Structure formats: C-alpha cells, structure tokens
Amino acid sequence: MREMNGVDGSGDGLTRREFVAAGAAAGAVALPVFAAAEVFASPAPPNSVDLLVMGPDIVTFDDKDAVIMDGAIAVIGNAIVWMGKAGDAARMFTPKDTVNASGQIAMPGMTDTHYHTAQQFLRGVHRTTHRKGPSWKKILIPFESGLDEHDVYNSGMVGYTSMISAGTTCFLEAGGPHPDMMGKAADEVGIRGRISLNTCDMDGEGGPLPKSHIMTTSQALKENEALVKRWQGNSRVKAWLSLRQILVNTEELRVGMSKLADELDTAIHTHLSEGTYEVDYTMENYNMRPPEYFESLGIFNKRMHCAHSIYLTPADVDCYAKHDASVAHCAFNNYNGGPQRMLEMVRAKIRVGLGTDGPNSRGTLDLFQVSHYAVLGQQIGYATAWHAPAQITYSDMLKHACRGGANAAHLGDKTGSLEVGKLADIVLVGHDDHDQFTSMDPTITLAQNVVGHHVRTTIVDGKVVMRDREFLTVDIEKMRADVKQRYPRMIDRYEKAILLTSG
C-alpha cells in the first residue's frame, strides 16, 4: 500500500494540481484552478464545490496505485476536481452537499463489460428448465422474444439498481429487444451505460429462432444506426452496435456493421469463441477459427468488443492483441465452458474487463464476486498444477474490474480510477462487518474481503445515486410491486415460446 497525502505524493497535498477544464466529453463547464499554496496562504473564504466526500481511505487504482488515508474528494459538476487529506478539505471548501464517509473505503466504480438486460428476470428460472442444446438458442432468445417494452424497462430498473447497489457504475449491454427502454431505465436510475439492439439476420443452425428476432440485413443496419444516433446527445447513456454471434449473422451484416462503426465512431458488442459450436462453424465454412475469420474480413479491430472469448489458441490471443479487440471475461460462466486465457491476454496488454453475463449465469450482478472467481480460475489454469503461486492477485483482478472495464468501454481516459479530471464515479464501501474485522490495508480489504452488499454509497457522474443503501433516484417499492404484478405473464409467454422452439 502506498499512502499519499495528496495525489502528487507531496506532504502538502496538491502542490500545483489543476481542477481542470472538464472537457466537452465530460459535459461540465470550465472549472477553476486551485493550488495548495494559494489556498493555505490566502485568508480568502473557502471555495465552493458541488460535492465533498469526507473521510474515506481512498484507493485510487491510478498508475501509481496511490492510497490516501483519511482522504477527501471534491467534485464540481460531474468531475473530480481535488483529492487530498480530509483535514485540508475542511479548510479549503464549502460544499453544497457532503457525504460523510469516515470509516469507509472509496474506490472507482466498476464496469460490467457484458450484461443482458432482457435476461434479468431469468434469475432463479434458468436452472430449473434442464433443456438440452445451446442455452442461448433454447432458453435465452425464447425468453427475450416474449418481452414487451415495459418488461424490458422493468428489467433495466431491476438490473441497474442491482448493479449500483454492488458498486457497478457502468454497463455494456450485449444486445436485446427494445433497447430504448433500457436507455430510459438507465437514465432514470442514474447509471452509466452502453445499450444495444439484439441483431440477427439469419436463423443459423440447430433449430428456428423466434421470428421476432430475425430481421433483414438492411433493416439490421438501419435500426442499429438509428439507435446510436438517437442516444448521441446523452452524456451518460449511449448506444453501441451489436452482432449477436457468428451463427446468426451473415457476412454481409458483419462487414456492413464494421463500416457503420467507423462512420459513427462507435463500438460493436458481440459474442466470440463462446462455444465449441462457433469454432466448428467457422472451421467448416471458412477453414479458419473465429478471430482469424474476423481478421480475414478486415473487421477485427479496436471497435470490436468480444464477450467470453473462451476457446482461444495462443495464435488467437496474438490476433486479439494485434488488432486491439477488447474482451469481457465472464468468470461466472466462462469456466463452465473451459479454461480461459485471461492471464495471457493481460500480459499481451489486451483490453480485458470483467462481466457478469447477466443474472442468468449465477443470479448475482456482483463484480466483486466475479473478480474472486476470476482469480481462482486463473490460479487453477496457470499455477496450481505446477505448484506455483498465484499468477494474478486479487488486487490486480479488482483493478481490471475498474480500469480494464473502463478501457474495454473506451472510457479509460474518463473512468476506472479516482484521479483529478476524471468523471466522479465513486463507490464507498464499508469494512466493519463481522467477516471483515480487522481491516488494516484498504486495498487488500477491497480485493479480498468485500462483496456487493458491503457497498454503502454510489456516486455516478457526480450525483449521489444511492446513499447509505437508500436509492435517491428510484422508488424501489413501487418498481418491485409493478414487477411482481407483471411477472407471471412474462413466465407464461416464456413457456409458450419454448414450445414453439422445441422439436
């Protein structure tokens, strides 16, 4: 642990750190410049800030892994403008709002790099179906096909509040029905996100898809383009393009979507090398493995975000690194398929984040737990058999949930660490539960002894979304009552959809 009095490591707090002019991307007005020497030498009254987080031990996850004990974070608009000691902050600032975080740990918000909003209400349902065949075709898509707009809106409200309560401040949607309803829910909850549309323009192999899930290639491109453009003006919630997966997308759509991503300056969310059936399909049809096939089309690049990426050879990993494709490592689900080369990806400097894959995988959207699973998975794959120590620490893995996720989301310069000038996505965590005492090192505590229910307060874009586990943006009881009233009809439509796809 590297304790620092200020983010520059000096004993006087910030010697000459600017508050920054939070750029147009941050959506904030130009901010004033405050330097420690000016503040301490001047008898002028304290400076006004919008939010002051007082007293936490701050784990920044910056390049130096700086930790500020008994610290404070000042926010103007949606940007962090100062970090240092709580005692200094009390003299320097007059806040409009104060969060008393004494005895807690502050950390950056995490990014769930692969989430299915429309599968939220499969929590507790999937495991009871025992259906054979690829679950995405036999269970997941049939369930999604039975959802109307309000169901997807409720799915987002439940899922995104669950994320906020567990320290996730940003999500990357894999692609589902009624994405505008996802955006509406995300906007109301106050989370940061990238929504996307389920995109299939062919039926694929292994049985028919619901007709509602298949569109023409031209329609798929037009609807994806329109979605991205509709959300361009929202600073917190935007839209990406989506390719569901190789078996249900034509080559024409893959190439067209890549060109569209360049034109719109956005990313594409897809599933890649998730199942053996994908490898078999590309080998049988193109005599290439999935990443090599994407490379041959000229579409494998920094805009391609690839969920799962389980069945990779060393050459496949090199292909990801060569073209700067990003990866969502979904530890709850990935190890059901086989070993994952996450450690090799990290060493190759591939942009790897962690994902829950939605509640269908294990029921929880807790990235702390995903991080723990990922450490154990890499330990088994790269160390245990050779009687070797852990090849990646719990602290480093949690850092991937923060910074790796931000990089995968193309937000690495704005989120993922607590630094002056970055967006104020801040999570405050308690560490005084019975299963945490004693807690001496905040970084170790965060990485090894924290799960989602230890999160006390979550701040996104400079706004307090949840304070002391009470939501300020959503009427939780009203939302849950609506879900309970509609839930039986959802499950009934699901059962009927399953009958239609059986055979």
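**Figure 1. Overall fold of the predicted model, with 17 helices and 21 strands in its secondary structure.** The model shown is predicted, not experimental. The protein has 503 residues, of which 60% count as buried. Among contacts with a separation of 6 or more, 71% join residues 24 or more positions apart. The exposed surface of the protein amounts to about 19700 Å², and carbon and sulfur atoms supply 51% of that area.

**Figure 2. The largest nonpolar core, comprising 99 residues.** The residues with the most contacts inside this core are M107, Y160, F300, Y320 and L398. Helix α4, spanning residues 149-165, gives the most to the core, contributing 7 residues. Another core, of 17 residues, lies apart from it; I68, I80, V99 and A106 are among the members of this other core.

**Figure 3. Surroundings of Y320.** With residues up to four places away in sequence left out of the count, Y320 touches L272, P291, F300, C306, S309 and L312, as well as A325, S326, V327 and I350. Both Y320 and its contact partner F300 belong to the group with the most contacts inside the largest nonpolar core.

**Figure 4. Helix α16 (residues 442-449) and the elements that cover its buried residues.** P442, T443, T445, L446 and A447 of this helix are buried. Their cover includes the strands β3 (57-59), β4 (66-68), β8 (104-108) and β18 (426-430), together with the helices α14 (367-382) and α15 (394-408).

**Figure 5. Polar contact at the start of α16.** A side-chain oxygen of D441 comes to within 2.9 Å of the backbone nitrogen of T443. T443 is one of the buried residues of α16.

How values were computed:
Residues are numbered from 1 along each chain as its sequence is written. This is a predicted model: local features need pLDDT of at least 70, side-chain atom pairs count only at pLDDT 80 or more; totals for chains, interfaces and linings use all residues. Side-chain values use heavy atoms; hydrogens and water are left out. A nonpolar core is a set of buried Ala, Val, Leu, Ile, Met, Phe, Trp, Tyr and Cys residues joined through side-chain atoms within 4.5 Å. Buried means under 20% relative accessible area, exposed over 50%, partly exposed in between (1.4 Å probe, protein chains only). Helices (H or I, at least four residues) and strands (E, at least two) are DSSP runs, numbered from the N terminus. Contact means heavy atoms within 4.5 Å. Accessible areas come from the Shrake-Rupley method with a 1.4 Å probe; for residues, only the protein chains shown count as cover. A polar contact is a pair of N or O atoms within 3.5 Å; within protein, one must be able to donate a hydrogen and the other to accept it, and residues adjacent in sequence count only if both atoms are side-chain atoms.
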